[in-house]
Amino acid sequence: MQFSKLFIPTLKESPADAEVISHKLMVRAGMIRQLASGIYSILPLGLRVLRKVEQIIREEMNQIDGQEVFLPSIQPAELWIESKRWDFYGKELLRIKDRHGREFCYGPTHEEVITDIVRKEVRSYRQLPILLYQIQTKFRDEVRPRFGIMRGREFMMKDAYSFHADEKDTQHTYSQMAEAYGNIFKRCGLDFKQVQADSGTIGGSFSHEFAVLADSGEDEIGFCDSCGYASNLELAGSKPPSPSTPPATLQELKEVETPGKKSVEDIAGFLNLPARQIVKTILLENENGLVAGLVRGDHEINTIKMRNLIGCEWLQAAGEEAIAKHPGLHCGYVGPVGLDLPVYADNEISALHDFVTGANKPSAHLTGVQVKRDLKIKQFGDLRTVKANDPCPHCEGGRYQVKRGIEVGHIFILGTKYSSAMKAVYLDQQGKENAMVMGCYGIGVGRTAAAAIEQNHDDRGIVWPRNLAPFQVIVIPVNYSDEESKAACDTIYDRLRELGIETLLDDRSDRLGPKLKDADLIGIPLQIIVGPKNLAVGQVEIKIRKTNESDLRPYPRVIEDIPNILKDL
């Protein structure tokens with residue numbers, strides 16, 4: 001392709017609303033343009049990158065016997081009502097009506113649609129397992145879309161669904177999919193972690209995220225520096241506390257005045273105690289009402305862990321309206337002693353003695369609190385968020401590192417959540433009807449491309465990994481109107497294309513400086529710079545975008561060297 005014929009509307013300045021580097025550079029490099037909030041047009045250069053990601057995904061999905069389908073983006077409400085997600089999914093679901101007043105939604109995901117297809121076509125265990133995938137546009141009405149195509153409302157996604165006769169077979173496909181995902185992200189040139197994760201609104205019993213490590217990531221990832229265990233911080237397990245020996249004499253329960261002291265820091269300073277001796281009582285609400293969670297003062301409650309412990313549909317910080325229904329609750333002074341709510345406690349609380357809690361009175365706390373003597377705990381569990389340098393629960397001596405990550409893929413074992421609700425059943429060898437066991441596997445195509453930029457850029461622009469670059473080579477003449485330079489550039493360009501190397505020829509009449517800036521901005525891995533002076537001595541300049549290193553190579557022999565140079569990038 002010749003630069004003058006390619007639509008690349010590059011910009012010198014970043015858009016004012018761009019927060020992360022991938023958004024800034026994709027706009028500046030002429031890859032995307034915003035149409036509406038969280039909705040982007042993908043321009044030719046950007047589409048070439050997305051197609052590269054898609055092709056890698058297709059090859060790896062096909063390798064494990066995935067079969068590609070293409071499902072409707074507009075889905076009837078009846079299917080979502082049947083799966084019981086029509087109301088549960090919330091405002092992210094874009095709901096629409098046709099001319100007859102029938103309700104539909106723009107699919108944020110396709111569990112219902114694929115389950116409907118399989119339940120109508122599969123009857124026998126002999127037809128299982130099945131693995132179907134698609135690459136399709138989705139829409140989720142995010143409350144705050146941001147970061148360009150990293151977190152847009154409309155986005156391109158690969159979603160795959162597997163159907164099985166039993167859990168064991170599902171685990172087999174799940175393992176295959178995890179390996180395929182690893183291959184995909186390695187081929188995309190990404191530094192990533194496979195981490196345990198929460199299943200969220202998709203549901204299911206077991207899931208892993210694939211997260212690209214980047215400072216701009218919205219998620220935090222905890223991973224052991226010794227054994228390699230990794231998890232989203234929402235689920236990262238904490239090491240159980242060691243058994244503690246109570247003091248010879250336990251303190252008596254005592255109420256003390258703490259006027260205006262609500263925060264852990266204030267109370268610790270006022271009572272001259274370490275934060276670990278203060279127990280925070282966190283009020284939360286779910287579909288059944290208020291509950292309380294207890295953690296040490298130097299820890300933070302993890303609502304995902306607590307939701308999973310309770311087994312409720314949702315759990316969030318208690319709102320003013322819910323708290324107002326309990327006049328005995330005084331924010332900042334709530335404590336578990338005598339509290340008429342279900343109380344769940346982090347495992348660390350079980351090892352504490354003589355600690356401090358709120359007294360359920362304004363400006364008062366209780367000292368000398370004992371777990372067995374004073375509290376009624378409904379259930380203990382791992383309810384806290386781990387921190388950097390916390391001990392790993394899976395090995396001896398390992399410590400957590402915590403880094404930010406961008407979720408680019410997520411795999412789930414769904415079990416029978418959708419098949420039971422939607423009656424997707426098969427007949428086993430005894431002729432008995434059973435619900436199919438399902439798996440679900442997603443990759444954000446645009447997120448993967450954006451994450452690659454977050455990991456691969458410098459102050460001059462994008463530094464594409466070779467397999468994702470829109471072109472592998474760019475030929476840059478110092479002066480394309482010079483006959484010898486033009487002839488050499490055309491020869492290089494034509495020969496590289498014959499070799500199957502995607503090549504861009506910058507045939508513009510611009511000065512060399514702007515051409516080099518554009519080449520750096522759009523991030524093509526290899527630059528071949530052709531000038532009259534070097535040609536006069538039979539040489540051209542080869543520049544590696546990633547390292548900015550350049551050297552002179554003999555022309556035309558250099559053309560045959562290019563495939564090997566690219567292999568090393």
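**Entry 1: Asp506 and its partner**

I looked up aspartate 506 first. It is buried, with a relative accessible area of 0%. I am working from a predicted model. Next I checked what its side chain meets. Aspartate 506 and arginine 508 form a salt bridge, 2.9 Å from N to O. Is arginine 508 buried or exposed? Arginine 508 is buried, at 17% relative accessible area. That value counts as buried because the cut-off is under 20%.

I then noted a network. Asp458, Arg460, Asp520, Lys543 and Arg545 are joined into one by salt bridges that share partners.

**Entry 2: Arg151**

I moved on to arginine 151. Its relative accessible area is 26%, and I logged it as partly exposed. Which glutamates does its side chain pair with? One is glutamate 142, with N and O 3.4 Å apart. Another is glutamate 218, where the closest N and O atoms lie 3.3 Å apart.

The pair with glutamate 218 links distant parts of the chain, the two residues being 67 apart. Arginine 151 sits in the loop between β7 (130–139) and β8 (154–164). Glutamate 218 sits in the loop between β10 (206–213) and β11 (219–224).

I checked cover on both glutamates. Glutamate 142 is buried, with a relative accessible area of 15%. Glutamate 218 is partly exposed, at 27%. Glutamate 142 falls in the buried class because its value is under 20%. Glutamate 218 does not, because 27% lies between the 20% and 50% limits.

**Entry 3: Charges overall**

How many salt bridges does the protein hold? I got a count of 40. A general reminder for this page: side chains of opposite charge can pair when their charged atoms come close. I also tallied the charged side chains. There are 71 positive and 79 negative ones. The centres of the two sets lie 1 Å apart.

**Entry 4: The whole chain**

I finished with the overall figures. The protein has 569 residues, and 52% of them count as buried. I listed 15 helices and 31 strands. Along the principal axes, the C-alpha atoms fill a box of roughly 95 × 65 × 50 Å.

What share of contacts joins residues at least 24 apart? I noted 69%, taken among contacts between residues at least 6 apart in sequence. The accessible surface comes to about 26200 Å². Carbon and sulfur atoms account for 48% of that surface.

Methods:
Residues numbered from 1 in each chain as written. Predicted model: local features only at pLDDT ≥ 70, side-chain atom pairs only at ≥ 80, totals over all residues. Heavy atoms only, no water. Salt bridge = Lys/Arg side-chain N within 4 Å of Asp/Glu carboxyl O. Buried < 20%, exposed > 50% of the residue type's maximum accessible area, 1.4 Å probe, protein only. Helix = DSSP H or I, 4+ residues; strand = E, 2+ residues; numbered from the N terminus. Contact = heavy atoms within 4.5 Å. Areas by Shrake-Rupley, 256 points an atom, 1.4 Å probe, with all protein chains shown as cover. Lys, Arg positive; Asp, Glu negative; His and termini not counted. Charge placed at Lys NZ, Arg CZ, Asp CG, Glu CD.
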